[in-house]
Amino acid sequence: MTNILRSDLYRFVKSKLLYGIMVFTAIIAFSLMMIMRQDIRLGISVFGNLTAFKGIEDVIRIGTEYQKGLGILVAILISVLIGQEYQWKTWQHKWIINKSRTSIYLSKAIVSSITSAVIFLLFELVSLISSGQISNILTGEFVATVICGVAIYAALGTVICLFSMLIKNSTTSTIVCICYVLFSETLLSIIRNLSNFSASVVKVVELSIRHSIYGMSTIISTTSVSAGMTISIVINSVIIMFVTTVFGLIVFRRYEL
């Protein structure tokens, strides 16, 4: 397990795509902050969903909404790097060396989770530094928001890893991962509408949506984050990571590599 994890980390760190996405993330964060510091109002529409930037706080919060930008970069990065394993047929080498599919999958899940969280942290760090108001922004609520964001992006990383590991075609897995990020809200809205036939089903669906990655992202991007909410989101994210990883392991162990 240790050798495979070290190998995967080395491969991710050596990837030009990783550094390209990190630079792009930093540029976006810096540019948005510079626009806000010039008191310029900005609106960005993603598939008809308009996001208005009225101040520095809006830039900080947009990072927590993975479906509006950062999540797409995370989906592309993870799905491409994992998809290359199928494209280059390198699974067999790892299987011969380690003899454990569990280790292979867990390594990918861990690296994907860390990578996703790092992209989010980079965005928030660049936003904070370039804001020119570090002392005003660096509050307990900001720290709580960042902690929640890290937990959410870590969970997102494991979900993207799941799709990437179980879809053998690199291009298809990338498309599926991007669609998952972009259309989470649409899919959940459809599920919500289809559940209207029963009050009990509606309650279950609403509870599931509220505890989904999208639901947590919406909560911390629209409300003030408290200590209790932070603990709840972290625990919920850990549960998502655990369930997603266990499911992925069960299926991956049956795959013909």
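The exchange below concerns salt bridges and a surface patch in a predicted model.

Modeller: Residues are numbered from 1 along each chain as its sequence is written, and side-chain values use heavy atoms, with hydrogens and water left out. In this predicted model local features need pLDDT of at least 70 and side-chain atom pairs count only at pLDDT 80 or more, while totals for chains, interfaces and linings use all residues.

Biologist: How many salt bridges does the count come to?

Modeller: A salt bridge is a side-chain nitrogen of Lys or Arg within 4 Å of a carboxyl oxygen of Asp or Glu. One of them pairs Arg61 with Glu141, with the closest N and O atoms 3.1 Å apart. By this rule the count is five.

Biologist: Which residues are joined into one network by salt bridges that share partners?

Modeller: Glu85 forms a salt bridge with Lys108, the closest N and O atoms being 2.9 Å apart, and Arg11 forms one with Glu85 at 3.6 Å. Both Glu85 and Lys108 are buried (under 20% relative accessible area, against over 50% for exposed and in between for partly exposed, with a 1.4 Å probe and protein chains only). Through shared partners, the network joins Asp8, Arg11, Glu85 and Lys108.

Biologist: Is Ile250 buried, partly exposed or exposed?

Modeller: Ile250 is found in helix α13 (residues 227–252), where helices are DSSP runs of H or I with at least four residues, numbered from the N terminus. Its relative accessible area is 48%, so Ile250 is partly exposed.

Key. Helix = DSSP H or I, 4+ residues; strand = E, 2+ residues; numbered from the N terminus.
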